[in-house]
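Please open the structure in your viewer and keep the selection tool at hand. The tour below proceeds stop by stop, stating what to select and what is to be found there.

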Amino acid sequence: IFIIRLFCRALFRAYAAAAQAALSVLESELDAIRTAGTWKGERVITSRQGPRISVDGSRGDILNFCANNYLGLSSHPEVVKAGIEALQKYGAGLSSVRFICGTQSIHKNLEEKLAQFHEREDCILYASCFDANAGLFEVLLGPDDAVLSDELNHASIIDGIRLCRAKRFRYKHMDLNDLEEKLKESQSSRLRLVVTDGVFSMDGDVAPLQGICDLAEQYGALVFIDECHATGFLGPRGRGTDELLGVMDRVHIVNSTLGKALGGAAGGYTVGPKALIELLRQRSRPYLFSNSLPPPVVGCATRAVELLLASNEIAQSMAAKTMRFRNNMTQAGFTISGTAHPICPVMLGDARLASLMADDMLKLGVYVIGFSYPVVPKGKARIRVQISAAHTDEDIDRAEGFTISGTAHPICPVMLGDARLASLMADDMLKLGKNKKVMPFNVSWIIYMRVADYLNVLLS
């Protein structure tokens, strides 16, 4: 018995030492994140989602500029009412996957409406679009096939592709020439699938779908798009990027979400050819092994889709509000990435600066979040502002909060992209300072100087 006790004590000490070593590794990783200024805290919201929210620790209403609530439907009275009615009639959940006893009439009805909305043959629902992306490629593509993916595609697409056995080709971001090279390299494959976000969520840039579809048709490939940041508000009727660019009949597969513009609760889906959807129902692991979407979520999403099928008025209101914000911020001296998308990234470059400014903005009554590595590439930290149809013009004109916040931080990143140009500009600015002219870097707020502005300074 004594020997057994000694053995147990030694074994326990070994386990304890191993656990402590593992904890030390984890603490080191956490310390590294804090030191790098990329720590992601979670603010607690104490109200419903909307253009104005209540935040724990802050006084009064806070203007919300960072939700994916593009159409303001997350708290729309008709959407909320539909969710309550579904809860009362169909219960809180199914406690089952779809193929056992988890399919209700409301699930089939929502799938039909989503297929109608996107003008595709059929639709399959998932717990999230992450699951939709995780469940597609493994089913569709085998070792004799090839997948060609934009290098900046969403993490869920990357993870989904990793699960499949197809040959993988990654082309440069929105680079049609590089895509064509990859299509040539993969010509021996049985099936080829070009995969891209319709809108890239960090920069708000829109994929060149017309060129992608041209190349796909030329080389006999299929086209897939993830429309999470486009469904409901891009295009004349809000159908998405493919409608915006006139290629709805040329894109074969669309994945999107119910968790952004379409009510904002949860859920994702795939729309496409009926044969593909039927195959996904048989083999897609996230679909087969995840509980059905809860009835309240289905009810909310269904009403949101019905509103969009009935009218494009809400979707059309986005364009003017988006441009108002972009113009205001540009005039204030900031660089806004992307084009006309309601994702409006305020480019700052420095991760710590993005985090500090986001905290300052909250104190000024504006809720925004700083994004930094690994969510975005190193050196491209930003505050991502997202415009909602529920914002008023007065809300959007609160952009001066960025300038006020900037006065507290003397860091002045100038995004140029070219090392030689950066060096030349630094030398020229020093000369200007010695000549007692103007030193644009010696300011107390964040400035992004365009090349044209720089030339004007030199010529003056």
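A helix here is a DSSP run of H or I of at least four residues, with numbering from the N terminus. Lys113, to which the tour will return, lies in one such run, helix 4. Please note that the model is predicted.

**The whole chain**

Display the entire protein chain, which holds 19 helices and 15 strands. Of its 460 residues, 49% are buried. Among contacts with a separation of 6 or more, 71% join residues 24 or more positions apart.

**The start of the chain**

Select residues 1–18. An unreviewed UniProt entry annotates this stretch as "signal peptide". In the model, the stretch is 94% helix and 0% strand. The C-alpha atoms at its two ends are 26 Å apart.

**Helix 2 and helix 12**

Two packed helices are described by the angle between their axes and the distance between the axes. Select residues 77–90, which form helix 2, together with helix 12. Their axes come within 7 Å and cross at roughly 140 degrees. The crossing of helix 2 and helix 12 is right-handed.

Now show the side chains at this contact. Helix 2 contributes Glu78, Val79, Ala82, Gly83, Ala86, Leu87 and Tyr90. Helix 12 contributes Pro295, Pro296, Gly299, Cys300, Arg303, Ala304 and Leu307. By type, the residues of this contact are 10 nonpolar, 2 polar and 2 charged.

**Helix 4 and helix 12**

Keep helix 12 (residues 295–310) selected and add helix 4 (residues 105–118). The axes of helix 4 and helix 12 come within 10 Å and cross at roughly 30 degrees. Helix 4 is therefore roughly parallel to helix 12, because angles under 35 degrees count as roughly parallel. This crossing of helix 4 and helix 12 is left-handed.

On the side of helix 4, the contact involves Ile106, His107, Asn109, Leu110, Lys113, Leu114, Gln116 and Phe117. Opposite them in helix 12 are Pro295, Val298, Ala301, Thr302, Val305, Glu306, Leu308 and Leu309. The contact of helix 4 with helix 12 comprises 10 nonpolar, 4 polar and 2 charged residues.

Next, centre the view on Lys113. Is Lys113 buried or exposed? Its relative accessible area is 18%, so Lys113 is buried, the limit being under 20%. Leaving aside neighbours within four places in sequence, Lys113 is in contact with Thr302, Val305, Glu306 and Leu309. Lys113 and Glu306 are 193 residues apart along the chain, yet their C-alpha atoms are separated by 7.7 Å.

**Two loop residues**

Most residues other than glycine have a negative phi. Two residues with a positive phi may be visited here.

Select Glu119, in the loop between helix 4 and strand 3 (122–126). Glu119 is not a glycine, yet its phi is positive, at about 60 degrees. With 46% relative accessibility, Glu119 counts as partly exposed.

Then move to Ser95, in the loop between helix 2 and helix 3 (98–101). Ser95 has a positive phi of about 55 degrees, although it too is not a glycine. Its relative accessibility is 71%, so Ser95 counts as exposed.

**Helix 5 and helix 6**

Select residues 129–140 for helix 5 and residues 155–163 for helix 6. Their axes come within 7 Å and cross at roughly 30 degrees. It follows that helix 5 is roughly parallel to helix 6. The crossing of helix 5 and helix 6 is right-handed.

From helix 5, the contact is made by Phe130, Asn133, Ala134, Phe137 and Glu138. From helix 6, the residues are Ser156, Ile157, Asp159, Gly160, Ile161 and Leu163. The contact of helix 5 with helix 6 divides into 6 nonpolar, 3 polar and 2 charged residues.

**Lys182 and Leu244**

Select Lys182 in helix 7 (residues 176–185). At 14% relative accessibility, Lys182 counts as buried. Beyond its neighbours within four places in sequence, Lys182 is in contact with Leu148, Phe169, Arg170 and Tyr171.

The last stop is Leu244, in helix 9 (residues 241–244). Leu244 counts as partly exposed, with 41% relative accessibility. Which residues does Leu244 contact, leaving aside its neighbours within four places in sequence? They are Val206, Leu234 and Gly235. Leu244 and Leu234 are 10 residues apart in sequence and 6.1 Å apart in space, C-alpha to C-alpha.

Key: Residues are numbered from 1 along each chain as its sequence is written. This is a predicted model: local features need pLDDT of at least 70, side-chain atom pairs count only at pLDDT 80 or more; totals for chains, interfaces and linings use all residues. Side-chain values use heavy atoms; hydrogens and water are left out. Axes are lines fitted to C-alpha atoms, for helices over the stretch in contact, and angles run from 0 to 180 degrees between N-to-C directions. Angles under 35 degrees count as roughly parallel, over 145 as roughly antiparallel, 65 to 115 as roughly perpendicular and the rest as oblique. A crossing is left-handed if the near helix is turned anticlockwise from the far one by less than a right angle, and right-handed if clockwise. Contact means heavy atoms within 4.5 Å. Ala, Val, Leu, Ile, Met, Phe, Trp, Tyr, Cys and Pro count as nonpolar, Asp, Glu, Lys and Arg as charged, and the others, Gly among them, as polar. UniProt positions are given in the numbering used here, feature names are shortened, and annotations may be inferred rather than shown by experiment. Buried means under 20% relative accessible area, exposed over 50%, partly exposed in between (1.4 Å probe, protein chains only).
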